[in-house]
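These are my notebook entries on a single chain, written down in the order in which I looked things up. I began with strand pairing and then went on to cores, domains and one loop residue.

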Amino acid sequence: MITYLQKTGPRVRAGLGDVALLRLDFNTKDDWRMMAVIPTITYLLQMGKTIVIVSHRGRPSGGSLTKGVPTGFSADLHLKRDAAKLAARITRPVRFIDHFRWDEIRATVRGAPRGSIFLLDNLRFLPGEATNDRGLARSLASLADFYVNDAFAVSHRANASVVAITEFLPSYAGLELAREIGALGKVMTRPAHPLVLVLGGAKASDKLGVIARFRRRADRVLLGGGSANSVLALRGVDVRRSLRESDPAVLRVLRPLARDPKVLAPEDLVWGSGARKDMALDIGPKTSRRFGAEIARARTIIWSGPLGMIEKDAYAKGSIAVAHAIGRNRKAFSLTGGGETVMFLKQHRLDKAFSFISTGGGAMLDFLAGEKLPGIEALSRKRRK
Ligand code: 3PG
């Protein structure tokens, strides 16, 4: 069973020790994932704990450690700026540690006044992070008295600071992780109907699990982007040079969608120009209206992936119209996630249209596909002594 940090009783809390190792996910261009976990940081501070924050960014390669200092990695993969950003957000100092000399870090953390906050550099500079190395987990564990996972977005990865760490410290789910499990769990186990699934994005291949899980459960599936083009092509429509799937394994999953009358592919498309001539880049106005009508009737709405090439305003209209329609339906529980979609919604001030925005991209898709996430599973496992 998962122990939720917020639900621990006073006796457990008193016995936790002074230092929390807090796993967060700062792997976004903007700071919305950081903002989502501020309640957890505040909560730990109210408990009087010192916090050692660990995170990753990107998938670093090419660099190495020189006397414990990461060198030769791309500058934008370091987390120093995140320490400054977080400090500004919570109006408290956040001390960035630019090396991985564990004994030194331990001494610094233990010597600091209670309530201090530290941020280590990108854990993926260490080869053991991605390989779920127990030695690295043990070093991380030596810095703290208990562990809190508030990094839902990376909980689908068996990384040392997500999975192996739970073998060495009493482990808890943070406040945001608890919200994620609650909201995503709700649409998995007891969604109100009609349930409308909106699927977009360039590729259908990363959503096959969600399609398999929800094809029968959803009352309507509304398609845009690459999935729509692929289904239209399977229905015999000429989609010209539009992005679509050709992998036979992917087409096998999409074929039942193409035959299913509750699956709506676009009735009209917005075509590109110039080099993108002959490519469908957005759903058309008629489709937006039809999708809007379906959304208005829904009681649960799950949206994954933009419906057009949203980087260009000319092809963002369909996604904007659908987001507005979701916002107008006050009776439905609506959720979305994924870095690109969330940044787009924030940019257009449409994020408030949703009941819940997941901080996860791949993690949300895995959860919605019914897969077990290693980071969440690890929180339920008994710790080895
Ligand atoms: C994400 O942004 O989806 C997470 O941080 C996981 O990143 P990864 O796909 O590089 O493991």
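**Strand pairing.** I looked up strand 10 (residues 220-223) and found that strand 10 pairs with strand 11 in the parallel sense over 2 bridges. Within this pairing, V221 stands opposite V263, which belongs to strand 11. I note here that I am reading a predicted model, and that the entries below concern computed features of that predicted model.

**The whole sheet.** I then followed the pairing outward and obtained an open sheet of 6 strands in the order 11-10-9-14-15-16, with parallel pairing. Strand 11 (263-264) and strand 16 (356-357) are the edge strands, since each of them pairs on one side only.

**A helix over the sheet.** I next asked which strands helix 13 lies across. Helix 13 (residues 317-328) lies across strand 9 (195-199), strand 14 (300-304) and strand 15 (333-336), and I recorded an angle of about 155° between helix 13 and strand 14.

**Domains.** The division I have for the chain gives domain 1 as 5-176 + 373-379 and domain 2 as 193-331. The C-alpha centres of domain 1 and domain 2 are 38 Å apart.

**Cores.** I listed the largest nonpolar core, which has 73 residues, and the members that touch the most other members are L21, W102, L120, L140, F152 and L368. Helix 8 (residues 175-189) supplies the largest share of this core, 6 residues. Because domain 1 and domain 2 both give residues to this core, I place the core between them. A further core of 29 residues lies apart from it, and its members include A83, L86, I90 and I117.

For F152 I also wrote out the contacts, setting aside residues up to four places away in sequence: F152 touches L177, E180, L184, S358, T359, G360, A363, M364, F367, L373 and I376.

**A loop residue.** Is P60 buried or exposed? P60 sits in the loop between strand 2 (50-54) and strand 3 (64-66), and I count P60 as buried because its relative accessibility is 17%, with the cut-off for buried being under 20%. When neighbours within four places in sequence are left aside, the contacts of P60 are F73, L77, N122, R124 and F125. As a last check on distance, I took P60 and D268, which are 208 residues apart in sequence, and found them 42 Å apart in space, C-alpha to C-alpha.

Key: Residues numbered from 1 in each chain as written. Predicted model: local features only at pLDDT ≥ 70, side-chain atom pairs only at ≥ 80, totals over all residues. Heavy atoms only, no water. Pairing = 2+ DSSP bridges. Helix = DSSP H or I, 4+ residues; strand = E, 2+ residues; numbered from the N terminus. Contact = heavy atoms within 4.5 Å. Axes fitted to C-alpha atoms, helices over the stretch in contact; angles between N-to-C directions. Core = buried A, V, L, I, M, F, W, Y, C linked by side-chain atoms within 4.5 Å. Buried < 20%, exposed > 50% of the residue type's maximum accessible area, 1.4 Å probe, protein only. Domains from an automatic or database assignment.
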